[in-house]
Amino acid sequence: MTTEFEGFRAVVTGGGSGIGRRTAEELLARGAAVAVLDLDPSTAPDGAHPIRCDVADDDAVRSAVAAAAARLGGIDGLVNNAGIGAQGTVEDGDLDEWRTVFEINVLGIVRVTRAALGHLRESKAAAVVNTCSIAATAGLPRRALYSASKGAVESLTRAMAADHVREGIRFNCVNPGTVDTPWVRRLLDAATDPEAEAEALRRRQPTGRLVSATEVAGAICYLLGPAAAATTGTSLAVDGGMSGLRLPPQR
Ligand SMILES: NC(=O)c1ccc[n+]([C@@H]2O[C@H](COP(=O)([O-])OP(=O)(O)OC[C@H]3O[C@@H](n4cnc5c(N)ncnc54)[C@H](O)[C@@H]3O)[C@@H](O)[C@H]2O)c1
């Protein structure tokens with residue numbers, strides 16, 4: 001157990017599963033007090049304050065963030081991680097599906113951040129980390145809607161960093177490649193040939209394997225914590241080399 005986050009009060013959205021859950025566990029292990037906001041908070045890690053919240057619902061977000069601040073005694077860090085996926089080209093999905101994904105992946109961040117800003121302004125070590133994606137920076141097939149939403153997350157992160165740097169609030173995002181989480185396992189289960197699909201995802205990343213939720217959680221904790229006190233307005237790729245490397249095809 002380290003004490004890097006002793007006295008630090010963090011809110012993690014989507015902390016009931018996958019990347020968010022591992023991040024909440026890691027923050028707790030490093031000494032933070034953590035509130036998990038999730039549609040289903042029953043699977044939040046032991047030691048976290050579980051709070052039911054749909055980030056697409058204005059009233060729910062306001063009361064959940066107020067409840068988190070009351071239970072933690074304030075908010076120093078916010079991890080905007082809740083998100084959903086979507087598959088297809090620009091021709092796919094009715095516009096209601098497009099609106100729903102933006103409501104959660106983009107406006108969810110707007111809502112939770114707005115609700116938390118007053119508390120963050122009171123903190124001496126305020127930081128926000130948004131979970132973005134490789135889909136923000138690489139053109140991936142059949143990910144038009146998801147990519148558009150994550151591109152917005154990356155731009156919003158930089159704009160918020162500029163708006164709030166002089167208030168002492170840092171904003172950064174992590175851009176994971178394909179991470180071994182329940183979300184990706186659901187996608188694989190739905191594929192016609194799950195093993196072939198899993199192999200294709202592994203081979204897409206130069207490291208030849210999926211990223212682990214622990215590796216993304218470590219990057220989020222770095223950006224949220226004191227070691228990154230001079231870092232704001234950046235995106236940190238945790239993608240097995242996918243965004244930056246060009247290897248010859250494997251024989
Ligand atoms: N898994 C990947 O390969 C991958 C890659 C890049 C980025 N991401 C991003 O990471 C984040 C987490 O993904 P994951 O793989 O851990 O997914 P996951 O499905 O395992 O967990 C997502 C969590 O978010 C919660 N959630 C969903 N909609 C919500 C809402 N409206 N309000 C509150 N909570 C809600 C779910 O209940 C769940 O607990 C997402 O933003 C996703 O876009 C994932």
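**Exercise 1. Decide whether Asn175 is buried or exposed, and describe its surroundings.**

Solution. Start with the accessibility: Asn175 has 5% relative accessibility in this predicted model. The cut-off for buried is under 20%, so Asn175 counts as buried.

Next, place Asn175 in the secondary structure: the residue belongs to strand E6, which covers residues 170-176.

Then look at the side chain. It makes a polar contact with the side chain of Glu154, at 2.9 Å.

Now collect the contacts, leaving out residues up to four places away in sequence. Glu154 appears again, and with it Cys132, Ser133, Ile134 and Thr137. The list also holds Ser235, Leu236, Ala237, Val238 and Asp239.

Finally, try a distance across the model: Asn175 and Leu78 are 97 residues apart along the chain, and their C-alpha atoms are separated by 16 Å.

**Exercise 2. Find out which residues come nearest to the ligand and which helices help to form the shell around the ligand.**

Solution. Begin with the residues. There are 29 around the ligand, and those that come nearest are Ser17, Asp38, Tyr146, Val179 and Thr181.

Go on to the helices. At least two shell residues are supplied by each of helix H1 (18-29), helix H5 (144-164) and helix H6 (182-190). The largest share, four residues, is that of H6.

Now check the polar atoms, one residue at a time:

- Tyr146 places a polar side-chain atom 2.6 Å from an oxygen atom of the ligand.
- Val179 has a polar backbone atom 2.8 Å from a ligand oxygen.
- Asn81 also uses its backbone, with an N or O atom 2.8 Å from an oxygen atom of the ligand.

How much of the ligand's accessible area does the protein cover? On its own the ligand has 840 Å² of accessible area, and the protein covers 93% of that. As for the site itself, the ligand takes up the space of the largest pocket.

**Exercise 3. Take Thr181, one of the residues that come nearest to the ligand, and work out its setting.**

Solution. First, locate Thr181: this residue is in the loop between strand E7 (179-180) and H6.

Second, judge the exposure. With a relative accessible area of 8%, Thr181 is buried.

Third, list the contacts beyond four places in sequence: Thr181 touches Gly18, Ile19 and Ala213.

**Exercise 4. Two alanines lie in the loop between strand E4 (77-80) and helix H3 (95-105): Ala82 and Ala86. Classify each one and name its contacts.**

Solution. Start with Ala82. Its relative accessible area is 21%, so Ala82 is partly exposed. Outside its neighbours within four places in sequence, Ala82 is in contact with Thr13, Gly14, Val55 and Ile104. As for spacing, Ala82 and Asp54 are 28 residues apart along the chain, with 9.2 Å between their C-alpha atoms.

Turn to Ala86. This residue counts as buried because its relative accessibility is 10%. With the same sequence neighbours set aside, Ala86 is in contact with Glu97, Val101, Arg142, Arg143, Leu145 and Tyr146. Tyr146 is worth a second look, since you met this residue among those nearest to the ligand. Over a longer stretch, Ala86 and Pro248 are 162 residues apart in sequence and 30 Å apart in space, C-alpha to C-alpha.

**Exercise 5. Follow the contact from Ala86 to Arg142. What is notable about phi of Arg142?**

Solution. Place Arg142 first: this residue is in the loop between strand E5 (127-131) and H5. Then read the backbone angle. Phi is near 60°, a positive value in a residue other than glycine. To finish, add the exposure: Arg142 counts as partly exposed, with 44% relative accessibility.

**Exercise 6. Show where Cys221 sits and which residues surround it.**

Solution. Cys221 is part of helix H8, residues 213-224. Its relative accessible area is 0%, so Cys221 is buried.

Its contacts, apart from neighbours within four places in sequence, are Phe5, Thr23, Glu26, Leu27 and Arg30. One of these makes a good check on distance: Thr23 is 198 residues away from Cys221 along the chain, while the C-alpha atoms of the pair are separated by 7.1 Å.

Definitions and conventions:
Residues numbered from 1 in each chain as written. Predicted model: local features only at pLDDT ≥ 70, side-chain atom pairs only at ≥ 80, totals over all residues. Heavy atoms only, no water. Buried < 20%, exposed > 50% of the residue type's maximum accessible area, 1.4 Å probe, protein only. Contact = heavy atoms within 4.5 Å. Near = heavy atom within 4 Å. Polar contact = N/O pair within 3.5 Å; in protein donor to acceptor, adjacent residues only side chain to side chain. Areas by Shrake-Rupley, 256 points an atom, 1.4 Å probe, with all protein chains shown as cover. 1 Å grid on protein atoms, 1.4 Å probe; cavity = no way out; pocket = protein on both sides within 12 Å on 5 of 7 lines; lining within 4 Å. Sits in = over half its atoms within 2 Å of the grid points.
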